[in-house]
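I sat down with this one to look up its sheets, its helix crossings and its cavities. Here are my notes, in the order I took them.

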Amino acid sequence: MLTNFHVIKDMIDLPLEPGDLQIRFDYSATTGIEEGKGAVFDVAEDWLIAHSETGPKLEEDYAWDKLAKRRAWLRAVDGFWDYAAIRLTGAPGLQRGWFDLARVTQDVPNGVWILHHPGSEEHTITGGKVVYGQPRQQRLFHQATTARGSSGGLALDQNGQPVALHYLGLEALTPPPDARHHPALNVAVPLTAVAADLAAKEVLGKLAEIPGLSPVGGCLDGRRPVFGRADYIAALEQLWKGDRRILRVHVESHEEVAVTRPGKSFSVEILRALFAAPEHHHIVFRAGDVQVDAYRMACDTLASFAPDAVASLPEAPDTTTPAYVKRLVSKFMQQVSDRLGDRMVWILLDDLDRHDLSDASGREFLSTLYEQIGRQDNLRLVLIGLREDIQINGLDPQLVLHSAIRLSDLSDPGQIFREWLNMRGARDKPFDETSLRFLSSIIASLAGSEAPLERMSDFVETHVAGAADALFGRVGARDPQGLEGE
């Protein structure tokens, strides 16, 4: 995350513990998120990756309108870029998107749009023209309205491309002597200068490296453990990047291992946590519901994000059942396109191992979804439980990823727990082999073969999480409201 250095400089020398410094996104009424909610991330232990000091200010009235004084000030601030690059825990960029600073080429646009939070208000966009613009200068002067609290606001050019980081407002203490003077002017640091400084510090290349997607400390929401499923998480990362758009999650059934309920439906919760709202929207269909009443299922799902459009769905079949299902799903997906076009939309179809959608209506349902996936870049489809031997007509194999839950991988719960404990923090603590083996044996005896991952998860969340927090520190994004009493 990039912001101004002067925003965080008072925190550098504080004796911060994990969880003391957090970053909150989506503070805006327009997102539909209540105040105080939204995505909250802890900063990493080595959170301040790189920074540059603020430098001297230009405080004399109207000095910015005087060429000699303006040039003298620009020479004085050369080398001072007032930025801080902050590392957060996990890989929130995979959820929220990111921008590669190495791609910035322009530093003096004709005008700017500033994305900021003036006066601690909600997310605001203001625009204004650029003045005194000259290539490769140390500062960008603009007239977009800002206020105290706007610091760290991103400046976009007229084409919506990031160009600068707003950091300073210049305001005269006396009325202007004549109309030629600007009573106020705002200042931003060109991102070209920030990128050059990061490159000189040999940091820019490291920032461009995208970390692998993984639950922070092996947990979802800082609490629920995720055992195994590394293949599934890697497949989700490819799906998100757009390498493929459809993922089939299935249990390998040919292995003769006595494990029941291997935890495939937890795939939904993992995806929801790793790709959180509001940038992502999740639509979960249960195969059984589709078979019983596709219309009611479509109405209930549509009501969650476009209640006024429910009446547009065809209520009763006026043609053959397959044709009706196709019309119904097409109408539904049109609303998805119209209302959720600015988000990544994940369509999850669960329980396909218990409720087969191989009849005519089911095939029409799936074929319509496939058709939409091919048309809209922001759609992803996850089929959970669909057996590996079932072929899907009309589906391009080049679009499909596969993630198998191998029952043999669940045959040693103790080893699964050990791997999770290392992710949680044991690898950084003096845990000896005897202690690890002792703990793993206890967990393995508890897990059994009936829903082993679920039993382990419940036990760890209830009985181990608190001790792990005390020993390793808390992990993950948490609701700050829920921590007030701790």
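**Entry 1: helix pairs**

Before reading any crossing, I reminded myself that a helix axis here is a line fitted to C-alpha atoms over the stretch in contact, with angles running from 0 to 180 degrees between N-to-C directions. I also noted that this is a predicted model.

I began with helix H6 (residues 230–241) and helix H7 (residues 266–274), whose axes come within 11 Å and cross at roughly 50 degrees. Are they parallel or oblique to each other? Angles under 35 degrees would count as roughly parallel and 65 to 115 as roughly perpendicular, and H6 and H7 are therefore oblique to each other. I put down the hand of the H6 and H7 crossing as right-handed.

Next I turned to helix H13 (residues 433–447) and H14. Their axes come within 8 Å, and the crossing angle is roughly 125 degrees. That makes H13 oblique to H14. The hand of the H13 and H14 crossing is right-handed.

**Entry 2: the barrel**

I then followed the strands. Which order do the six strands of the barrel take? I read S5-S6-S7-S10-S9-S8, closed into a barrel with antiparallel pairing. From one strand to the next, the twist averages 45 degrees.

I checked some of the pairings one by one:

- Strand S5 (residues 111–116) meets strand S6 (residues 124–131) in the antiparallel sense, over six bridges. Within this pair, Leu115 has Ile125 of S6 as its bridge partner, and Trp113 stands opposite Gly127 in S6.
- S6 also pairs with strand S7 (residues 140–142), antiparallel again, over two bridges. Here I found Val131 opposite Phe141 in S7.
- S5 has strand S8 (residues 154–156) as a partner too, antiparallel over three bridges. Ala155 in S8 is the bridge partner of Ile114.

A reminder to myself while reading these strands: in a regular strand the side chains alternate between the two faces of the sheet.

**Entry 3: the open sheet**

The other sheet I looked up is open. Five strands make it up in the order S14-S15-S16-S13-S17, and the pairing is parallel. Which strands stand at the edges? They are strand S14 (280–286) and strand S17 (400–405); each has a single partner strand, so one side of each is left without a neighbour in the sheet. The twist of this open sheet averages 15 degrees from one strand to the next.

For S17, I looked up the pairing with strand S13 (residues 246–251): parallel, over six bridges. Arg248 has His402 of S17 as its bridge partner.

**Entry 4: the cavities**

How many cavities of 30 Å³ or more does the structure hold? I found two.

The largest has a volume of about 50 Å³. I listed its lining as Cys219, Gly222, Arg223, Pro225, Trp420, Arg424, Val460, Ala465, Ala468 and Asp469. Helix H12 (413–424) and helix H14 (452–472) are the elements that give two or more residues to this lining. H14 gives the largest share, four residues. That is a nice link back to my first entry, where H14 crosses H13. By class, I noted six nonpolar, one polar and three charged residues around the largest cavity.

The second largest cavity has a volume of about 40 Å³. Phe285, Ala294, Met297, Ala298, Leu328, Val329, Phe332 and Phe365 line it. At least two of these lining residues come from helix H9 (294–303), and at least two from helix H10 (321–339). I enjoyed the class tally of the second lining: eight nonpolar, no polar and no charged.

**Entry 5: looking back**

Three things I want to find again quickly:

- H14 takes part in a right-handed crossing with H13 and supplies four residues to the lining of the largest cavity.
- S5 pairs with S6 and with S8, within a barrel of six strands.
- S17 is an edge strand of the open sheet, and S13 is its parallel partner.

Terms used
Residues are numbered from 1 along each chain as its sequence is written. This is a predicted model: local features need pLDDT of at least 70, side-chain atom pairs count only at pLDDT 80 or more; totals for chains, interfaces and linings use all residues. Side-chain values use heavy atoms; hydrogens and water are left out. On a 1 Å grid over the protein atoms alone, a cavity is a set of points where a 1.4 Å probe fits but cannot get out, and a pocket is an open set with protein on both sides within 12 Å along at least five of seven lines; lining residues have an atom within 4 Å of a point. Grid points are joined across faces, edges and corners, and a volume is the space filled by probe spheres set on the points. Ala, Val, Leu, Ile, Met, Phe, Trp, Tyr, Cys and Pro count as nonpolar, Asp, Glu, Lys and Arg as charged, and the others, Gly among them, as polar. Two strands pair if DSSP finds at least two bridges between them. Angles under 35 degrees count as roughly parallel, over 145 as roughly antiparallel, 65 to 115 as roughly perpendicular and the rest as oblique. A crossing is left-handed if the near helix is turned anticlockwise from the far one by less than a right angle, and right-handed if clockwise.
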